[in-house]
Amino acid sequence: QGFFAIIINNIYRAGSFLFGTLNAFNQIFFQDRIGPGIIIFIGALIYLLYWFLVSCIVQVGQCRFFLETRTYYKTPINRLLFSYRLRYGIHTAWAMLVRQLYLFFWWLTLIGGIIKTYSYRLMPYILAENPSLSRREAMQLSQAMMQGQKWQTFLLDLSFLGWQLLDILSFHLSRRLLFLAHIRKPALASN
């Protein structure tokens, strides 16, 4: 009558582990309706491709933009896609995907997930500064740089909790406005 009984019965009837498991998930989640399952699968696949090919690379590009804005007077907005221009797009996306997979498995142990989230925190900045680094080197460098800094970073994150709640309540409007103000306002020239 339970979840595992349905899976085992379907595997036994199908004579194949793969087809029995797929049929069991179809029965459990879609009540034998294939159409919604296919639509959900295609939607999930499109989202994963978007996340892999666009979101990860823009995240690293955003870090590159912030690093350059700190130094240069005017930084063009096209720096968000610098990985594509340097032909490191897939390399960068792969490194960020592996980072997310590591974090996913570390989050299965709650404390390990918190610690590793802060250990790998600087990986997008490292890849933004040197996109030719391998994912292993970037992860090791991030861990080395965050050694002894995790607690201070946690306290820093905690100090921004109010702003994050405001951001959520305003449907991320405040983040967009701050980003637009940052782009339009020239950086202060250092003496």
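Two residues count as being in contact here when they have heavy atoms within 4.5 Å of each other. Keep that in mind as you look at this predicted model. Take the contacts in the chain with a separation of 6 or more: residues 24 or more positions apart account for 51% of them.

What is the chain built from? It has 11 helices and zero strands, so if you read along the sequence you meet α-α-α-α-α-α-α-α-α-α-α, by the DSSP runs used here. There are 191 residues, and 27% of them count as buried. On the outside, the accessible surface comes to about 13,900 Å², with 69% of that belonging to carbon and sulfur atoms.

Now head inside. The largest nonpolar core holds 20 residues, and Val60, Met96, Met123, Leu127, Ala128, Ala138 and Met139 are the ones that touch the most other members. At least two residues of this core come from each of α3 (34-71), α5 (89-107), α7 (123-129) and α8 (135-146). The most generous of these is α3, which gives six residues.

Let's stop at Met123. Setting aside its neighbours within four places in sequence, which residues is Met123 in contact with? They are Ala95, Arg99, Arg135, Ala138, Met139 and Ser142.

One more stop is worth a look, in the loop between α4 (82-85) and α5, where you'll find Arg87. Most residues other than glycine have a negative phi. Arg87 goes the other way: its phi is near 65 degrees, a positive value. Is Arg87 buried or exposed? Exposed means over 50% relative accessible area, and Arg87 has 77% relative accessibility, so it counts as exposed.

How values were computed: Residues are numbered from 1 along each chain as its sequence is written. This is a predicted model: local features need pLDDT of at least 70, side-chain atom pairs count only at pLDDT 80 or more; totals for chains, interfaces and linings use all residues. Side-chain values use heavy atoms; hydrogens and water are left out. A nonpolar core is a set of buried Ala, Val, Leu, Ile, Met, Phe, Trp, Tyr and Cys residues joined through side-chain atoms within 4.5 Å. Buried means under 20% relative accessible area, exposed over 50%, partly exposed in between (1.4 Å probe, protein chains only). Helices (H or I, at least four residues) and strands (E, at least two) are DSSP runs, numbered from the N terminus. Accessible areas come from the Shrake-Rupley method with a 1.4 Å probe; for residues, only the protein chains shown count as cover.
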